[in-house]
Amino acid sequence: MPVNVFSLLPQELESRLAQFPAFRYRQLLHWLYGRFVFAPEHMTDLPLTLKDYLLENLSFELPQIALEKAAQDQTTKYSLSLTDGENIEMVIIPAPKKRTLCVSSQVGCARKCSFCATGRWGLTRNLSAAEIVGQILIAASICKPERLTNLVFMGMGEPLDNLENVLKTLQIIQANNTLAFSPRRTTVSTCGIPQQIIKLADSGIKTKLALSLNSAINAKRDNLMPINKIHPLEEIKSALKYYLKKSTFRVTLEYILIPDINMGKDDIKALRQFAGDLSCKINFIPYNIVPHLPYRSPTEIELQEFLQQAQSLHQAITLRRSRGAGICGACGQLAGNHQGVTP
Ligand code: SF4
């Protein structure tokens, strides 16, 4: 089977094209990552011999857009079909000065967080590096002539359960002769798998890290996120400290606000304790309704009361109002072709 060109680091591509003059491989990279032209037939300045070689020896397959839904705020969710018939989703969130892609790393997810649409149907498979790079390239070409500025691994899947391919993706897109994507503008979000956080830190590949925390009380977090029964908060916190020693970035704690579950005074107190000695900022995200799940979104009054209490936290806090909720493109709402799944 020909290797997918989007799974290759620039140096790997160069060695595969060693029989051609070096400038040819740079031309190819420019077509793929500079002009977003993905079919050798359309690369007008490549000689026929090289085009034939590329078509015979490499695959240029990308996920295909099957469906596109835009919300009023222009946040757009794309359903993408993969070569084996599986479906994933990605979301592009435009803002005046930035364009963020929320990218998927798996088909489904094994972690079964109780508030998440993806977690409800389990894991089908990991995405390959080519399938993750493919989403980024499709998004970059959609954003043209503007640049895709930010990348968050907060789509379908637990990125650290597919660490090898996520790291390869980061290496590919951060290379100078591809997208030169800044690590400062990349965030990998995890439900909290200590050994994988440590591997990420040890990899030397730079990215920001977000922990999907959602409760700093073990008993509550056990209910929200089953991973917590295996790796409780204390273990996760030491892994975060390890990451912080090796990284120049602060960690982000993501905290989805669910009324009657994690918005009380005891929750703030526990959060203050957990975050107290961590170099971090905290993002609060009002819960987005997922059909068939027993949670509701906070009212404006509940939100304001909570934020008032959260002023006692020592870290920078932000309220991130999820975009794209009307199209099920907001945080926790992505479910691929399993949107209608029932419990
Ligand atoms: S929140 Fe993330 S880790 Fe949890 S089930 Fe959903 S996709 Fe998986």
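A residue is called buried when its relative accessible area is under 20%. Leucine 46 has a relative accessible area of 5% and is therefore buried. This leucine belongs to the loop that runs between helix 2 (22-34) and helix 3 (48-57). Not counting residues up to four places away in sequence, leucine 46 touches Gln27, Leu28, Trp31, Lys51 and Leu54. One of these partners, leucine 28, is 18 residues away along the chain, and the two C-alpha atoms are separated by 8.0 Å.

The model that shows these features is predicted. Its protein chain has a mean pLDDT of 93, and 94% of the residues reach 70 or more. Residues 337-343 stand apart from this picture, since their pLDDT stays under 50. The model does have 13 contacts beyond four places in sequence for that stretch. Where pLDDT is low, however, the predicted coordinates should not be read in detail.

The overall arrangement comes next. The chain is divided into domain 1, residues 3-59, and domain 2, residues 69-338. Their C-alpha centres lie 33 Å apart. Across the boundary, 14 residues of domain 1 are in contact with 14 residues of domain 2.

The second largest pocket concerns both domains. Domain 1 and domain 2 each give residues to its lining, so the pocket lies between them. It holds about 270 Å³ of space. Strand 1 (3-4) and helix 4 (129-143) are the elements that give two or more residues to the lining of this pocket. In total 13 residues line the pocket, and Met1, Asn4, Ser59, Glu61 and Thr83 are those that lie nearest its centre. By character, the lining consists of seven nonpolar, four polar and two charged residues.

Two further positions show how local surroundings vary. Serine 79 is part of strand 4 (residues 76-81). Its relative accessibility is 10%, which means that serine 79 counts as buried. Apart from neighbours within four places in sequence, serine 79 is in contact with Gln64, Ile65, Ala66, Leu67, Asn87, Ile88 and Glu89. Glutamate 235, in helix 9 (residues 233-246), counts as partly exposed because its relative accessibility is 34%. With neighbours within four places again left aside, glutamate 235 is in contact with Pro194 and Ile230. Glutamine 195 lies 40 residues from glutamate 235 in sequence, and the C-alpha to C-alpha distance between the two is 9.4 Å.

The backbone also deserves attention. Most residues other than glycine have a negative phi, and most peptide bonds are trans. Against that background, the bond joining lysine 144 and proline 145 is cis, with omega at about 5 degrees. Proline 145 is found in the loop between helix 4 and strand 9 (150-153).

Positive phi values occur at glutamine 74, with about 75 degrees, and at histidine 292, also with about 75 degrees. Neither glutamine 74 nor histidine 292 is a glycine. Glutamine 74 sits in the loop between strand 3 (64-70) and strand 4, and it counts as exposed because its relative accessibility is 51%. Histidine 292 lies in the loop between strand 13 (280-286) and helix 11 (300-310). With a relative accessible area of 47%, histidine 292 is partly exposed.

Conventions:
Residues numbered from 1 in each chain as written. Predicted model: local features only at pLDDT ≥ 70, side-chain atom pairs only at ≥ 80, totals over all residues. Heavy atoms only, no water. Helix = DSSP H or I, 4+ residues; strand = E, 2+ residues; numbered from the N terminus. Buried < 20%, exposed > 50% of the residue type's maximum accessible area, 1.4 Å probe, protein only. Contact = heavy atoms within 4.5 Å. 1 Å grid on protein atoms, 1.4 Å probe; cavity = no way out; pocket = protein on both sides within 12 Å on 5 of 7 lines; lining within 4 Å. Points joined across faces, edges and corners; volume = space filled by probe spheres on them. Nonpolar A, V, L, I, M, F, W, Y, C, P; charged D, E, K, R; others polar. Domains from an automatic or database assignment. pLDDT = per-residue confidence, 0-100.
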